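Dear colleague,

Please find below the structure that I am handing over to you. My findings follow directly after it.

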Amino acid sequence: NVSIGPLTNIERGNIDNTIIHNNVAIDALVQIGHNSIIKENCVITAGSLIGGSVIVEEGSWIAPNSSVKERVKIRKNSMIGYASNVLVSTKINSLNYGNPSKQYYKKKKKI
């Protein structure tokens with residue numbers, strides 16, 4: 001149950017496999033680098049660039065035109081704001097935006 005938009009490029013893994021799990025939505029014009037893992041229930045919107053060996057954990061959302069540097073981990077339930085440049089790994093349940101991106105608040109857990 002994966003949706004992949006037009007003109008999207010998903011690179012084949014060199015060392016490990018590039019893996020896209022269930023219930024992932026990938027919009028148009030997205031670049032996903034080699035050896036990356038996109039876990040369940042993630043959304044990657046238009047024009048985003050995901051570097052090599054990136055891990056996007058469950059329930060994360062990446063806004064349009066954002067970029068994620070290689071070997072960065074987007075933690076569970078994180079949100080990346082519009083046109084952000086993520087250079088370091090995020091924290092769980094966090095909102096991150098800017099260039100370079102910074103964590104602005106931690107989302108509360110759902111009951």
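In this predicted model, Tyr97 has a relative accessibility of 35%, so it counts as partly exposed, the range for that class being 20% to 50%. Tyr104 falls into the class of partly exposed residues as well, with a relative accessible area of 44%. A search of the whole structure for aromatic pairs returns one. That pair is formed by Tyr97 and Tyr104, and it is stacked, with 4.1 Å from centre to centre and 15° between the planes. The angle qualifies as stacked because planes under 30 degrees apart are assigned to that class.

The two tyrosines also belong to a nonpolar patch on the surface, in which Tyr97 and Tyr104 are joined by Tyr105. Together, the three residues have about 320 Å² of accessible area. Tyr105 is located in strand 16, which covers residues 101-106. With a relative accessibility of 41%, Tyr105 is likewise partly exposed.

Regarding the overall architecture, the protein contains 16 strands and zero helices. Its radius of gyration is 13 Å, close to the 13 Å given by the globule rule for 111 residues, so the protein is as compact as a globular protein of that length. Along the principal axes, the C-alpha atoms fill a box of roughly 35 × 30 × 25 Å. Of the 111 residues, 36% are buried.

Two of the sheets deserve a description. In general, the strands of a sheet pair through backbone hydrogen bonds, in either a parallel or an antiparallel manner.

One open sheet consists of five strands in the order 2-5-8-11-14, and its pairing is parallel. Its edge strands are strand 2 (9-10) and strand 14 (85-86), each of which pairs on one side only. Within this sheet, two bridges connect strand 5 (residues 31-32) with strand 8 (residues 49-50) in the parallel sense. Ile32 has Ile50 of strand 8 as its bridge partner.

Another open sheet has four strands, ordered 3-6-9-12, and is also paired in parallel. Strand 3 (19-20) and strand 12 (73-74) occupy the edges; each has a single partner strand, so one side of each is left without a neighbour in the sheet. Strand 3 runs parallel to strand 6 (residues 37-38), and two bridges join them. Here, Ile20 has Ile38 in strand 6 as its bridge partner.

Yours sincerely

Terms used
Residues are numbered from 1 along each chain as its sequence is written. This is a predicted model: local features need pLDDT of at least 70, side-chain atom pairs count only at pLDDT 80 or more; totals for chains, interfaces and linings use all residues. Side-chain values use heavy atoms; hydrogens and water are left out. Rings of Phe, Tyr and Trp (its six-membered ring) pair if their centres lie within 6.5 Å; planes under 30 degrees apart count as stacked, over 60 as edge-to-face and the rest as tilted. Buried means under 20% relative accessible area, exposed over 50%, partly exposed in between (1.4 Å probe, protein chains only). Two strands pair if DSSP finds at least two bridges between them. Patches are made of residues with over 30% relative accessible area and no salt bridge: like charges are joined within 9 Å, nonpolar side chains (Val, Leu, Ile, Met, Phe, Trp, Tyr) within 5 Å. Accessible areas come from the Shrake-Rupley method with a 1.4 Å probe; for residues, only the protein chains shown count as cover. A salt bridge is a side-chain nitrogen of Lys or Arg within 4 Å of a carboxyl oxygen of Asp or Glu. The radius of gyration is taken over C-alpha atoms; the globule rule is 2.2 Å times the number of residues to the power 0.38.
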